[in-house]
Amino acid sequence: MSATAASVQAGAAPSARRAERSGVAAEGGGTPARRPGRPRAEGHDARILAAAVELLERGEEVTVSRVVELSGVSRAALYRRWPSMTDLLAAALDVGREAPRIPLGDDLLAALLAAYTTGSAGAGYTEERFRLRLRLAMTDRKLAQAYWRSHVARRRGGVAALLAEGVRRGELRDDLDIDACIDLINGVFYYQFVVRGVNFDDPAAVARCENAVRVAWRGMAADPPAADAAPEEDE
């Protein structure tokens, strides 16, 4: 695969590279904050993202020149939206991905398992895109960090809310480190993709993940109230 984060940065303008080095981070899907000046033209964001996705799926390098050529959007318009090509690539890799909706019903563990094993990542988000993102992120730490800031972090809200509700109900420990627990649960599923190389059409993979999450849940569970000591019998 030739589309790497290193190759996309080679086409970035100096101003974009300076923005990246200064720590300018995109919020909400990789799009930087609105700046003073002319209003944005309708549809530019979608056209830029569509061009980047097309290049990714063809296995081509995602360069400024190729994105401008395919999208018909100017370089200036591109840089107004994404401070670096790394941020654009992160946004393109997330196109079609949706955050899971997790109902906070009576059985929180069942809702958590359903969100991970039966919930859809989004109709427009393919397994191929997911695996491509893993490959590129493994070779470029800046891309992994940009993807985390703009996309992964915002999708953790549903699981965080479920775990917080478990703490509120007294089902989970009141000293629970929610962020660490989300990492633990996510790691169960990433291991299947990255190390075992399976997908979730495999019932055995789903069963392994469910069992692992149940083990994690038992570790997160609040200690049951101590039983009252039995009264001593009179002699």
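**Figure 1. Glu-165 and its contacts.** Setting aside neighbours within four places in sequence, Glu-165 is in contact with Leu-104 and Leu-108. As in every view here, the model shown is predicted. Glu-165 has its place in helix α10, and with a relative accessible area of 14% it is buried. If you trace the chain from Leu-108 to Glu-165, you pass along a separation of 57 residues, yet their C-alpha atoms are separated by 8.4 Å.

**Figure 2. Helix α7 and what covers it.** Leu-108, met in the previous view as a contact of Glu-165, is one of the buried residues of α7. This helix is mostly covered, with seven of its 10 residues buried. To find them in the model, look for Leu-108, Leu-109, Ala-111, Leu-112, Leu-113, Ala-115 and Thr-117. The cover over these buried residues includes α10 (157–169), α11 and α12 (203–220).

**Figure 3. The whole chain, for orientation.** Before going on to the cores, it helps to step back. The chain has 12 helices and zero strands, so its pattern reads α-α-α-α-α-α-α-α-α-α-α-α along the sequence. Of its 235 residues, 41% count as buried. Among contacts between residues at least 6 apart in sequence, 72% join residues at least 24 apart. The accessible surface of the chain comes to about 13,100 Å², and 52% of that belongs to carbon and sulfur atoms.

**Figure 4. The largest nonpolar core.** In soluble globular proteins, nonpolar side chains tend to be buried together. Here the largest nonpolar core holds 32 residues, and those touching the most other members are Leu-56, Val-62, Val-67, Leu-88 and Leu-93. Two or more residues come from each of α3 (44–58), α4 (64–71), α5 (75–81), α6 (85–93), α8 and α9. Apart from this core lies another, of 21 residues, including Ala-111, Leu-113, Phe-189 and Trp-217. Two of those names, Ala-111 and Leu-113, will be familiar from the buried residues of α7.

**Figure 5. Val-67 and Leu-78, seen together.** Not counting residues up to four places away in sequence, Val-67 touches Ile-48, Ala-51, Leu-55, Val-62, Gly-72, Leu-78, Met-85 and Leu-88. Leu-78 is found in helix α5. Is Leu-78 buried or exposed? Its relative accessible area is 1%, so Leu-78 is buried. Leaving aside neighbours within four places in sequence, the contacts of Leu-78 are Ile-48, Val-67, Val-68, Val-73, Met-85 and Leu-88. Ile-48 makes a handy landmark: Leu-78 and Ile-48 are 30 residues apart in sequence and 7.2 Å apart in space, C-alpha to C-alpha.

**Figure 6. Val-53 in helix α3.** Val-53 is found in helix α3. At 11% relative accessibility, Val-53 falls under the 20% cut-off and therefore counts as buried. Not counting residues up to four places away in sequence, Val-53 touches Ala-92, Val-95 and Arg-129. Look also for Leu-89, which is 36 residues from Val-53 along the chain, with 8.3 Å between their C-alpha atoms.

**Figure 7. Leu-184 in helix α11.** For a contrast with the buried residues, turn to Leu-184, whose place is in helix α11. Leu-184 has a relative accessibility of 49%, so it counts as partly exposed. Which residue lies 32 residues away from Leu-184 in sequence and 7.8 Å away in space, C-alpha to C-alpha? That residue is Ala-216.

**Figure 8. The largest pocket.** This last view shows the largest pocket, with a volume of about 1,200 Å³. Its lining is made of 40 residues, and the closest to the pocket centre are Arg-97, Phe-130, Arg-133, Tyr-190 and Phe-193. The elements that give two or more residues to the lining are α7 (108–117), α8 (127–139), α9 (141–155) and α11 (178–196). What kinds of residue make up the lining? They divide into 21 nonpolar, nine polar and 10 charged. Helices α8 and α9 also give two or more residues to the largest nonpolar core.

Technical notes: Residues are numbered from 1 along each chain as its sequence is written. This is a predicted model: local features need pLDDT of at least 70, side-chain atom pairs count only at pLDDT 80 or more; totals for chains, interfaces and linings use all residues. Side-chain values use heavy atoms; hydrogens and water are left out. On a 1 Å grid over the protein atoms alone, a cavity is a set of points where a 1.4 Å probe fits but cannot get out, and a pocket is an open set with protein on both sides within 12 Å along at least five of seven lines; lining residues have an atom within 4 Å of a point. Grid points are joined across faces, edges and corners, and a volume is the space filled by probe spheres set on the points. Helices (H or I, at least four residues) and strands (E, at least two) are DSSP runs, numbered from the N terminus. Ala, Val, Leu, Ile, Met, Phe, Trp, Tyr, Cys and Pro count as nonpolar, Asp, Glu, Lys and Arg as charged, and the others, Gly among them, as polar. A nonpolar core is a set of buried Ala, Val, Leu, Ile, Met, Phe, Trp, Tyr and Cys residues joined through side-chain atoms within 4.5 Å. Buried means under 20% relative accessible area, exposed over 50%, partly exposed in between (1.4 Å probe, protein chains only). Contact means heavy atoms within 4.5 Å. Accessible areas come from the Shrake-Rupley method with a 1.4 Å probe; for residues, only the protein chains shown count as cover.
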